[in-house]
Amino acid sequence: MKPAILISLGILAYAIFIVWHGFRSFKSTSESSEKFFTADRGLNPFILLCTTSISVFSALAFYGAPAGIYKDGIGFYSNTGGMVAALMFVVVGYRLWLLGREYGFTTPVDYLRSRYYSDGYGLFVSAFLILFIVPYVAMQLVAIGDAVVVTTDGMVPYVIAVAVGTIVVSLHIIGGGMGSVAWMDTFHMCLGFGTLITLIIYLTMRYFPNGGFAEAVQIMQQNGTFDILSCPGPNGTFNWKGMISNALTGAIATVVWPHIFMRTFVASSKENFRQMSWAMPLSYVLVYSPIVIIGAILAPAILGPGFEKPDNIVAVLSTQYAPPFIAFISLLCLFAFGVSTADSLLLSASAMASRDIYLHHVYELKGKTSDPKQVVKFGRLVLLALMIITLVIVALKPASITDYAYKLSSPFFAQILPATLFGLFWKRASKEGAIAGTVSGLLVAIVLTFFVKPPFGFSALVWALVVNTLLLVVVSLCTKVPEEITAKYHTRIDSIIYSGAELTSLTDATLQAVNQK
Amino acid sequence: MSKTVTILFVIFNVIYFFIDYVLVTVLPNPLLFGWLPLQLGLLLFFPVVAAIVWGLYFNAFFNTQEHVK
């Protein structure tokens, strides 16, 4: 049988497995939105570690990071930001987790809307987060679709590949919600790490049998690609300003990306955060080191300088320089990275649409009692709608719209970082400050991304965050925060952390019980 | 958590991130073990040191949170 047929069958088996896994728990997740969106806040430390780490690594990390390193040198690794995301996940996440337990929060908007006592701000944040999740998800599926075409030698057409990818990802979440996503992410984390190691071992033993990495680096010294192994790199991109800009884009704001933010609420206990503090940076090192070695050493030594399409180096290495089995597992690795990011983001979009828009505005604000089953049903309908929109985008690939939206996704997600941090740690952060900061940050991000070159060598995101933070602080100093907000979000949480007060654990179940009395 | 420990933790992080974001770009770059440039070695493996320090600090911090169930 031809290798392309075997690879296609392998992809089909993988797709069926994912959908089956999601629908295994369809019935039980239909009962409550708490179960569907937060897996009953019961993820154990290992599952939380895997689902958080792999959700950060997108398909673009697997294909884009080696390409970025090949083009601009090892400084590109600064997009991990020295694993700062792990530190922030614990520092910020523990407080958010306490708030989630105390007040039943599930999404970033739940927290921001309540902390800044503004339904309008909540609606605004949920609208732009949902809007920019779709192109980001679309880019994951486009990367998968392109790779399937290359790996199967064109036997599986692009449209079929992206259609299968989109439907599989969507059905997987519709079936099982957060619990299913988290377990599948764990599988993908192991799969991704395993395939990266296999790819590196094969390429090293096949092409550098006499000295391994040392032989590869010697070849780099001779073929003119040695600059890749230093900062600021062959194009001078990664001086300290480039490093900071890249770290801000790729790492520091990671914790407020909607799907990562939501993971701070789903931990089963504080033990998750204790273990995440050392395990998350180590998991980054384990997964990212092989990616760096591919882009920094193996690709330049095997392909030489001036490779025409650097974005395709992983696809080319695994298909043209390795046997079909390696090509297949590399494709699975891409699936692992792409699907894990796409499903987590889509679930967070669904959670925000159903809880923060539908539930809050249709039920809570009108004083009506909500039906948890109805909320889950609505969440699933939102996922179906997002599936169709994503399908249209990835099938048509409207380059300009998707590219523009994708360029803005990361800077836009990051604009809730100042409001989140100041809301947690500064009593004086006010509604007016948060609105002024977030809106100005979004405007600066748009202007400096498309119309004006960002000054002094820093990225648009850096400037957007600076303006955002400044305005938040200045406007907050000129306005007042209601006393009950300070009591609820600062005095109460500080008393739990520093004075030994007990946690109330207010979740959907308890809220519903109270409502029914 | 004692104030001294917290201050030391903050100082460690300031130094760590300064090295990782800024200093690494101007450090000399000799090859270690015949294949690993110093700058790449720092970027790849210095986070392991950070993981150990963060783990120790937060382990001590969460020992103070026994009342949070």
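**Close-up 1. The residue after helix H7 of chain A.** Helix H7(A) is followed by A:Tyr117, whose phi is positive, near 35°. The model shown here and in the other views is predicted.

**Close-up 2. Helix H7 of chain A and its surroundings.** H7(A) spans residues 108–115, and 8 of its 8 residues are buried, so the helix is largely enclosed by the rest of the structure. Charged side chains are part of this: A:Asp110, A:Arg113 and A:Arg115 are among the buried residues. A:Pro108, A:Val109, A:Tyr111, A:Leu112 and A:Ser114 are buried too. The cover over these residues includes helices H6 (84–103), H8 (119–151) and H12 (258–263) of chain A. It also includes H15 (324–363), H18 (417–425) and H21 (483–499) of chain A.

**Close-up 3. The interface of chain B and chain A.** Here 33 residues of chain B are in contact with 45 residues of chain A. The area buried between the two chains is about 3,400 Å², and carbon and sulfur atoms give 73% of that area. B:Tyr21, B:Trp35 and B:Phe62 supply 21% of the area that chain B buries against chain A, more than any other three residues.

**Close-up 4. Polar links between chain B and chain A.** The count of salt bridges between the chains is 1. A:Arg274 pairs with B:Glu66, with the closest N and O atoms 3.9 Å apart. Across the interface, 11 residue pairs are in polar contact.

**Close-up 5. The side of chain B that touches chain A.** Helix H1 (3–21) and helix H2 (38–63) of chain B are the elements that each give two or more residues to this side. H2(B) provides the largest share, 14 residues. By residue type, this side divides into 20 nonpolar, 10 polar and 3 charged.

Methods: Residues numbered from 1 in each chain as written. Chains lettered and ligands numbered in written order. Predicted model: local features only at pLDDT ≥ 70, side-chain atom pairs only at ≥ 80, totals over all residues. Heavy atoms only, no water. Buried < 20%, exposed > 50% of the residue type's maximum accessible area, 1.4 Å probe, protein only. Helix = DSSP H or I, 4+ residues; strand = E, 2+ residues; numbered from the N terminus. Contact = heavy atoms within 4.5 Å. Buried area = accessible area lost by both parts, 1.4 Å probe. Salt bridge = Lys/Arg side-chain N within 4 Å of Asp/Glu carboxyl O. Polar contact = N/O pair within 3.5 Å; in protein donor to acceptor, adjacent residues only side chain to side chain.
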